[in-house]
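Please look over the model below with its open spaces and its backbone in mind. The account that follows takes up a pocket and then turns to the loops.

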Amino acid sequence: MTQEATDVSEKRILVVRPGELSTDDHKIWRDIRAEGGAPANPFLDPAFTTAVGQVRSRARVAVLHEDGHPVGYFPYERGLPGRGRPIGAGVSDSQGAVLRRGIRLDARRLLRECGLSSWEFDNLEAGQHPFVPHAAEELASPVVDVGEGFERYTERLRRSSPSFLKQVLAKERKLARQVGEVRFEYDSRDPGALGALMRWKSAQYRRTGRRDRFAQEWITRLVGLLAQSDDPDCRGALSVLYAAGRPVAAHFGLRSHTVLSWWFPAYDREFGKYSPGLVLLLRMLEAAAADGIGTVDLGSGPARYKESFKTRDLRVYEGAVVRPGPGGAVHWLGREPARAARRFVRDRPRLARTARRALAEVGRLRDR
């Protein structure tokens, strides 16, 4: 075990590595989520934490015990100097602790027992009572409800965006007419398509001036692990749109029994005029509805296409729990000015557009 158990009020907290969680821990973790009525988001499943633990040496889980029984789990990563982040930080779209209903927890006391001076979050799930008071921003995270079937969803889409659906279907027909037969595969095991997706996504990151996530070895390894998983509560799902037998768009997401998280979408720019990414998402929603998925979570972050496809918004939070002391001061100096600057830009659409153009120009110069 990584650390000895310590008493925290009437609870005992034991910090372990994700791989040290038992089969019983996985079951209890999932039971707590189900009993609390939380959506089965795969990013808050123990299998995701365990996979991250295989590629991130500083991944940990604080296990809360009461009367000798686990009543909560808090997955996190520990950086220097004692700065904590969510498990899988940078690619995790749902964050927080898993607590049995009725359990009350002091966030700063939890951090102390984990040896953390701060814990920063950017996609904190709603209902996380220990952490929400520490949020600096509340953000909209669009989702698509397909639990009533794809036909009911498209009826709603026609009412809310009458021209949008027509345009996407017209692009699909044009792709078939000018390139070749269009075929969609919902749950593909094609390693070539996954490799193409990573190349397209890397190029997109560079082109838009953003950090290339697939240049980070641990993310590539994590995707590989999840792509090979067959755990029904948390596994990777690769969807591919083909034209004339060639991949033109793909998406690698994370899914549970009822939730599919939109994670890494990309397309071949050679076919950009056909909007293959939009065609892919529409066909993925159709297949997900037929597969028993109730919600497709598009994730936070502004994008016009998300506004067109969504049926509602979830609320997620960005902020940090900071303990008093030198470590907390280091966090504030390192993070809060940048967060305030991003918030200032995001709240001013014209300035945000200028910033995006500047990032794109940086990406263009980088690729010269």
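A pocket is here an open set of grid points, placed where a 1.4 Å probe fits, with protein on both sides within 12 Å along at least five of seven lines, and its volume is the space filled by probe spheres set on the points. The structure is a predicted model, and in this model the second largest pocket has a volume of about 310 Å³. Its lining is made up of 18 residues, and those that lie nearest the centre are G36, L99, G127, Q128 and H129. Two elements, α1 (23-35) and β6 (98-99), each give two or more residues to this lining. Sorted by class, the lining of the second largest pocket comprises eight nonpolar residues, together with five polar and five charged ones.

The backbone also has particular points in its loops. In the loop between β4 (69-78) and β5 (83-86) one finds P81, which is joined to L80 by a cis peptide bond with an omega of about -10°.

Which sign does phi take at D67, a residue other than glycine? The value for D67 is positive, near 55°, and the residue sits in the loop between β3 (59-66) and β4. D67 counts as exposed because its relative accessibility is 73%, the cut-off for that class being over 50%.

A244, in the loop between β10 (235-243) and β11 (246-255), is likewise a residue other than glycine with a positive phi, near 55°. Its relative accessibility is 52%, and A244 therefore counts as exposed.

How values were computed:
Residues numbered from 1 in each chain as written. Predicted model: local features only at pLDDT ≥ 70, side-chain atom pairs only at ≥ 80, totals over all residues. Heavy atoms only, no water. 1 Å grid on protein atoms, 1.4 Å probe; cavity = no way out; pocket = protein on both sides within 12 Å on 5 of 7 lines; lining within 4 Å. Helix = DSSP H or I, 4+ residues; strand = E, 2+ residues; numbered from the N terminus. Nonpolar A, V, L, I, M, F, W, Y, C, P; charged D, E, K, R; others polar. Buried < 20%, exposed > 50% of the residue type's maximum accessible area, 1.4 Å probe, protein only.
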